[in-house]
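Visitor: Could you take me through one model and justify the words you use for it?

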Amino acid sequence: MKKIYVCGPTIYSKVHIGNLKPMISFDIFTRSLEYLGKDFFYVSNITDIDDKIINRSKELGISELKLISKCKEFYLKMLKEYNIKLPNKMPSVIENIEGIISFIKKLIEKNDAYEKNGSVYFSVDNFPDYGQISNNKIADLSSNELEKGEKNSIFDFAV
């Protein structure tokens, strides 16, 4: 059985094309797999813990949970309106926060991630094959960032 994971939206406002494009693309892909008789399990998360959610809820004067609920409801409504098949599972960050924290701790223990000033960054330099899936090498990558700031490398990213 193939496992498919697609990063879902951070739900802090109404759905936009950036949220729907991957869902439309993978809807076509998974329907093709079904047509071909392939067995798969498809997961797409919903990010419901984020600074954007905190800031937006303050702007609107509503609780974060109320904002999350409204935005998730709207997102699912849009998927239905566009006839996009739902993934087999749509986990949220809130539902899985303990596992996420445990995983991040393991990354730090293995030196695959590091903590600086309260933030945790994934260390890209520890993975010589980083970029292999996209057929890129770290040396060939470019970044929009002018400075690495507190990160060890401009290519490291927050986890």
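Guide: What follows is about one helix and the largest pocket.

Guide: This is a predicted model, in which local features need pLDDT of at least 70 and side-chain atom pairs count only at pLDDT 80 or more, while totals for chains, interfaces and linings use all residues. Residues are numbered from 1 along each chain as its sequence is written, and side-chain values use heavy atoms, with hydrogens and water left out.

Visitor: What makes residues 64-81 helix H3?

Guide: Helices are DSSP runs of H or I with at least four residues, numbered from the N terminus; H3 has 18 residues, so the run meets that definition.

Visitor: Which residues of H3 are buried, and why are they said to line one face of the helix?

Guide: Leu67, Ile68, Cys71, Tyr75, Met78 and Leu79 are buried (under 20% relative accessible area with a 1.4 Å probe, protein chains only). Seen down the axis of H3, these fall within an arc of 100 degrees, so they line one face; the arc is that of the directions from the helix axis to the C-beta atoms. On the other side of H3, Leu65, Glu73, Lys80 and Glu81 are exposed, that is, over 50%.

Visitor: How many nonpolar, polar and charged residues are in the lining of the largest pocket?

Guide: The lining divides into nine nonpolar, three polar and no charged residues, where Gly counts as polar and Asp, Glu, Lys and Arg as charged. H4 gives the most to this lining, with seven residues.

Notes:
Helix = DSSP H or I, 4+ residues; strand = E, 2+ residues; numbered from the N terminus. Expected span 1.5 Å × (residues − 1).
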